[in-house]
Amino acid sequence: MGASERINLLDFDRAGLEAFVADLGEPKFRAHQLMKWIHHRHETDFAAMSDLGKSLRARLAEIAQVRPPEVLFEGVSSDGTRKWLLGMDAGNAVETVFIPDRGRGTLCVSSQVGCGLNCSFCATARQGFNRNLSAAEIVGQVFIAARKLGNLPHRERRITNVVLMGMGEPLLNFDNVVRAMNVMRDDLGYGLANKRVTLSTAGLVPMIDRLAEVCDVSLAVSLHAPDDELRSRLVPLNRKYPIDELLAACARYARARPRSSVTFEYTLIRGVNDAPEQARALVKLMRRLPSKVNLIPFNPFPGTEFQRPEEERIRAFQKILLDAGILTTVRRTRGEDIDAACGQLRGRVLDRTRRSSGRRPEHQPATLEHAA
Ligand code: SAH
């Protein structure tokens with residue numbers, strides 16, 4: 001059996017792996033042993049899984065594999081942020097970022113190769129879209145990061161949080177993303193508490209409702225503007241699901257999942273959405289649904305006309321929200337020197353939407369040269 005036909009065990013959550021071993025006539029606990037070998041010890045060689053029994057090991061080697069994505073490039077920022085360019089198939093690669101921060105280690109994973117939503121201020125959008133990632137390719141990002149970080153001194157190496165804030169719109173890849181989050185939240189997987197797994201969405205209303213039916217993860221919603229006219233320009237998806245409907249869906253999520261949190265992300269762009277009256281309009285919106293706001297100073301990338309506001313303007317915007325009693329944080333920019341900051345992730349996308357054609361041929365990331 002060729003490598004591509006063998007089933008990749010990174011694709012399974014606990015229930016899936018239990019069903020898989022049951023088909024082989026094995027008891028459930030074999031699935032649990034396998035999960036520990038894979039996700040705790042990052043073992044890919046069945047022969048080394050000593051407690052599995054010889055015949056099972058041989059059978060697994062015939063029909064299955066543990067195949068993580070291929071690391072094409074690794075970058076380390078001066079601030080300790082790490083970025084990996086991970087090859088998913090012959091033509092496509094995505095980026096995964098690890099951000100260590102005072103006892104916390106946040107891994108930012110991608111859910112799609114490229115993105116189809118075309119938000120005007122996001123570098124990923126410029127590359128167009130190729131396909132959804134499989135659950136194995138999403139879990140594989142955590143697998144690779146955990147294995148790589150295993151070599152670092154203990155304090156800075158732990159993945160304590162995972163955010164689905166990399167390339168792609170996670171709610172457009174619902175089933176695979178949910179399965180991957182199951183592995184992240186499983187003690188036999190990466191053992192993260194529900195609230196430490198955050199799914200960020202541009203605002204797919206029906207899918208937010210579906211998410212509420214299946215799990216308790218933290219929800220981050222990319223708002224970026226206090227009115228529909230502006231939001232539609234920044235996030236075209238707003239034409240389909242305007243702010244009112246989006247906020248209503250967030251309120252339903254918060255009601256259905258009272259232990260989870262809903263945060264609004266607001267990328268601050270100079271002269272576009274950073275004015276004091278826009279902050280006050282945002283305050284009004286937030287009255288409807290008490291929740292946290294995370295301000296993200298715009299991260300520039302080649303070819304964009306947008307700019308980051310001055311520090312003072314960011315603080316003034318934040319102050320208006322804070323004074324109104326809204327918990328508001330400013331996301332510190334991390335990993336900017338290796339293009340790993342929010343909105344700077346690009347990977348390598350064989351675009352099928354032709355969005356990228358005719359646009360900046362220099363756009364292939366320089367990192368690929370190192371990778372070759
Ligand atoms: N598609 C999902 C996941 C992307 S998350 C979503 O839209 O939420 C990445 C976050 O960074 C989103 O809030 C996104 O709007 C924001 N972002 C995109 N480009 C950015 C940029 N250049 N600077 C700062 N934030 C950006």
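The centres of domain 1 and domain 2 sit 32 Å apart, taken over C-alpha atoms. The chain splits into domain 1 (3-65) and domain 2 (70-357), with bounds from an automatic or database domain assignment. Their contact (heavy atoms within 4.5 Å) takes 14 residues from domain 1 and 16 residues from domain 2. This is a predicted model, where local features need pLDDT of at least 70 and side-chain atom pairs count only at 80 or more, while totals for chains, interfaces and linings use all residues. Numbering runs from 1 along each chain as its sequence is written, and side-chain values use heavy atoms, without hydrogens and water.

**Confidence**
- The protein chain averages a pLDDT (the predictor's confidence in each residue, from 0 to 100) of 91, and 93% of the residues score at least 70.
- Residues 358-372 fall below 50, and this stretch has 18 contacts in the model beyond near neighbours in sequence.
- Where pLDDT is low, don't read the predicted coordinates in detail.

**Nonpolar core**
- The largest nonpolar core (buried Ala, Val, Leu, Ile, Met, Phe, Trp, Tyr and Cys joined through side-chain atoms within 4.5 Å; buried means under 20% relative accessible area, 1.4 Å probe, protein chains only) has 111 residues.
- Both domain 1 (3-65) and domain 2 (70-357) feed residues into this core, so it lies between them.
- Leu9, Met181, Met184 and Leu211 have the most contacts inside the core.
- Leaving aside neighbours within four places in sequence, Met184 touches residues including Val109, Ile138, Val142 and Tyr190.

Methods:
Buried < 20%, exposed > 50% of the residue type's maximum accessible area, 1.4 Å probe, protein only.
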